[in-house]
Each structure stands twice: as structure tokens, then as C-alpha cells.
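Me: Hey, can we go through this structure together? I'd like to get a feel for what sits where.

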Amino acid sequence: MFRNFKTVPYVVFGRGGFNQLDTILLEKRRNPEGFMVFLVDDVFADKDLRNRIPAGPRDLTLWVNVDDEPKTAYVDQLTEKVRDFSEDLPDGVIGIGGGSTMDLAKAVSLMLTNPGSSADYQGWDLILHPGVYHVGIPTLAGTGAEASRTTVLCGPDKKLGINSDYTPFDQIILDPELLSGAPSDQRFYTGMDCYIHCVESLSGSFLNAFSRSYGQKAMDLCREVFLDGGPESDDKLMVASYFGGMSIAYSQVGICHALSYGLSFVLEIHHGIGNCLAFDKLEEYYPEGVAEFRHMMKKHTIHLPWHLLPASGEQEIEKMVDVALVLEPLWENALGPDWRGIMTRDKIKKLYERILT
Ligand SMILES: NC(=O)c1ccc[n+]([C@@H]2O[C@H](COP(=O)([O-])OP(=O)(O)OC[C@H]3O[C@@H](n4cnc5c(N)ncnc54)[C@H](O)[C@@H]3O)[C@@H](O)[C@H]2O)c1
Ligand SMILES: [Fe+2]
């Protein structure tokens, strides 16, 4: 059986594309009593973008804080806020921000139409009903969250996405202008998420011509952005992120992502940073990728924030191993169907010890 995967049906790409949001939403406003929910990264609360959001008087704007990566409890809280605002469903949920904000928007859209807590749906294909119409507008590029069928959440006992055919956005707007204010180190870490998606996809056992084509193009673009630079870098990075997402849609990520999830769940290390910290210690598995990554770091004078990793005890490392081991498809992609014989619990523990020292 081949994967029958869902993609985003409508894509706007281009500088200034954000200005089309109003017209796009107009078609989706069902009646004069309806409303839209704008879920916006609070980093923009005092920026110009705030005044460009096409929110009408009946709409709800929720400023979200992503100092911590999205948690299921936060999704449930935001969903409650929308329910408290109106007993009707909104006509749409629009997420404006990086991967964290886009994931929050996807999750709230799903939880408005599905009972219980978002933690109940962490896994594969557990969502029962289609969510509310949802739009994603990235302000950072690299995660591929704009393209993917998942919303990654930290729950009470695991970091795992809500993976479903209802999760992908109905519309995305890729406007490279929105990347302009991102701090350079954050831009690098999120961009490396894309680079690592490509390395893991292109070296994985799930690879096919579809996935390879997107992955290679995304990797070429990452090289142009992070090794050559130039005026079109933000445009290229935005396309790379989307293509990287498309590549892993038909393959998977690998060892670096599995380890990064454990770092994120136990130590609250953000995804892009966690990936970089883990990837730097994985030259045994991805020698060429790690060498090129170091070259990119040097070029951008990035010093990895090892200080964010506190001294971790036995119990914490065991928990990280538990979190990483849940991600079976990632290990299988990286090491093949017999991965359990290759990557033992003890070996994963040693990898964590290498990262943490
Ligand atoms: N759904 C998916 O397929 C998928 C894939 C990979 C990662 N993720 C998730 O994405 C998240 C990481 O996303 P990210 O790396 O894009 O970062 P982020 O959304 O966590 O944001 C990082 C920081 O950058 C700030 N920021 C965002 N845009 C900005 C801008 N234009 N200017 C200034 N500051 C800005 C944010 O406020 C935040 O402080 C993680 O939660 C991860 O789990 C999801
Ligand atoms: Fe990632």
C-alpha cells in the first residue's frame, strides 16, 4: 500500500501575499453574524503586522505566547476561549507565527469539533471530525508545519503530534516579507530544521523519487541560503521549508528528530535548537550532513547553546529514551525494518549522554 497523503489545497506565495488574506477570508465568512479567530504570535503585538491583520469588529484575536512550545493544556485553554466567546463555531482559524503558532492554530481548529482534550488525539489518525477551516501564515521558515499533516504537542506523558488528514491547513500564505524581523540565530535554528529534514529524509529507508525530488531541491535551497546568501534568501528559505515538509510527507525524519523530541519533552529545549544540539553529535550516522551543518554554523557565527542543557540525572535520561522510542517510524526510516536490533535502549541512552556532556 502506498501512502495516500493529504496536501494543502491552496497556496499563495510571494512578497506582500499577506495582503490577500482579507479577500481570501471574505469568501469563507458565511453570514454577517459569523466570526474568524486570529491566533497570532504575541511577538507581533507591538509590531506593524498587528495593524495589517484583517480582523473585523466581530472577530476574535488571540495573542499566543510560544516561550514554551505548544502543550496540550494550552491548546485546550485556547479552545475554551473560543467556545466562551461564542456558542457558534468560527468560520475560520488563522495562525500567524512560527511553527509553534501554526501548530496551535491547527490544533484549536481540530479541537473545536472534536470532544475531550487534545491529549486524547496525540498519535496517528485518531481525530474523528474535520476541524474548522484553517489558514497558516508562517513568520519563520524551516519547520514545514505549513505543509504537514501534524501538529506537534507536548502532552502529559509524551511529545507527539496529532497526525491526521484533517490536520493540514486549508490555505497557506507564504509571504517571505514576514521573515524579515526574525532574530538571526532563531532564523538559523529554524532553517536548520529544514536542512535536517532533508538530510534525514534523503538518507532514510522510506525514500522514493517523490520524496527525493522535494528533499534534494529543499537541500539545494538551504545551501544557497546558508552558504551563499543573497537578496532572495528569505524567498528561497520559505520554499525550502515547504519542499522539506513535502519531502518528509512521503518519507520520514530520523534519529536527530527522535532525540530532539526527548530533549524537548524533558528539558523544554525548543525544536530547532534541540535538533542542532543532537545533530552535532550524530556524525556517525550523518557524516556529510553534520560536516556541512558545521560549515553553515561557522559561516553564520552560531555558537550552539550547550548551556541550555542542565545536568540530567538517570531518571531524566530514561524518560528521554522513552519519548524517543515512541517514535517508531522515525527509527525505522533511519535504520530500516530491523532497527530494534540496531538501536537498543542502551544505545539511545549513550547518544543522550553524548549530547548532554
Ligand atoms: N507541525 C509540524 O509539522 C512541525 C514540524 C517541525 C516543528 N514543529 C514545531 O514547530 C515549533 C518550532 O517552530 P519555529 O522554529 O518556527 O519557532 P517558534 O514558532 O517556536 O518561534 C520561535 C521564536 O521566534 C519568535 N518569532 C516567530 N516569528 C518571528 C518573527 N518573524 N520575528 C521575530 N520573532 C519571531 C517566536 O515568538 C518565538 O519566540 C516547535 O513547537 C515544533 O515542535 C512542527
Ligand atoms: Fe523538524
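Me: Which helices each supply at least two residues of the shell around ligand 1?
Reply: Those are α4 (99-111) and α5 (184-202). Keep in mind that this is a predicted model.

Me: OK, and which residues come nearest to ligand 1?
Reply: There are 26 residues around ligand 1, and D41, G99, S100, T139 and S148 come nearest.

Me: What kinds of residues make up that shell, by class?
Reply: It's a mix: 10 nonpolar, 11 polar and five charged residues.

Me: Which side chain has an N or O atom 2.6 Å from an oxygen atom of ligand 1?
Reply: That's S100. T190 does something along those lines, with a side-chain N or O atom 2.8 Å from an oxygen atom of the ligand. For D103, the partner is a nitrogen atom of ligand 1, and the distance is 2.8 Å.

Me: How much of ligand 1 does the protein cover?
Reply: On its own, ligand 1 has 860 Å² of accessible area, and the protein covers 91% of that.

Me: Switching to the metal. Which residues coordinate the iron ion?
Reply: The iron ion (ligand 2) is held by D193 through OD, and by H197, H257 and H271 through NE2. The distances run from 2.1 to 2.2 Å.

Me: What are the angles like at that site?
Reply: They range from 83 to 171 degrees among the four donor atoms, and the site counts as irregular.

Me: How are the donors spaced along the chain?
Reply: The pattern is D-x3-H-x59-H-x13-H. D193 is in helix α5 and H271 is in helix α9 (residues 271-279), so this pair ties together parts that are 78 residues apart in sequence.

Me: Are D193 and H271 buried or exposed?
Reply: Both D193 and H271 are buried.

Me: While we're on α9, where does A278 sit, and is it buried or exposed?
Reply: A278 is in helix α9. Its relative accessible area is 0%, so A278 is buried. Its C-alpha atom is 5.8 Å from that of C256, although the two residues are 22 apart along the chain.

Me: Back to α4 for a second. What's the story with S109?
Reply: S109 is part of helix α4. With a relative accessible area of 0%, S109 is buried. A polar atom of the S109 side chain also lies 2.7 Å from the backbone oxygen of V132.

Me: Now some loops. Where's V43?
Reply: V43 is in the loop between β2 (36-41) and α2 (49-52).

Me: Why does V43 count as partly exposed?
Reply: Because its relative accessible area is 40%, and partly exposed means in between the 20% and 50% cut-offs.

Me: How far is V43 from V64?
Reply: They are 8.7 Å apart in space, C-alpha to C-alpha, and 21 residues apart in sequence.

Me: Last one: where is P183?
Reply: P183 is in the loop between β9 (171-174) and α5. P183 is partly exposed, with a relative accessible area of 48%.

Me: And how far is P183 from H271, the iron donor we talked about?
Reply: Their C-alpha atoms are separated by 16 Å, and the two residues are 88 apart along the chain.

Note on methods: Residues numbered from 1 in each chain as written. Chains lettered and ligands numbered in written order. Predicted model: local features only at pLDDT ≥ 70, side-chain atom pairs only at ≥ 80, totals over all residues. Heavy atoms only, no water. Near = heavy atom within 4 Å. Polar contact = N/O pair within 3.5 Å; in protein donor to acceptor, adjacent residues only side chain to side chain. Areas by Shrake-Rupley, 256 points an atom, 1.4 Å probe, with all protein chains shown as cover. Helix = DSSP H or I, 4+ residues; strand = E, 2+ residues; numbered from the N terminus. Nonpolar A, V, L, I, M, F, W, Y, C, P; charged D, E, K, R; others polar. Donors = N, O, S within 2.8 Å, 3.2 Å for Na, K, Ca; no water. Tetrahedral: all angles 85-135°; square planar, octahedral: opposite > 155°, others 65-115°. Buried < 20%, exposed > 50% of the residue type's maximum accessible area, 1.4 Å probe, protein only.
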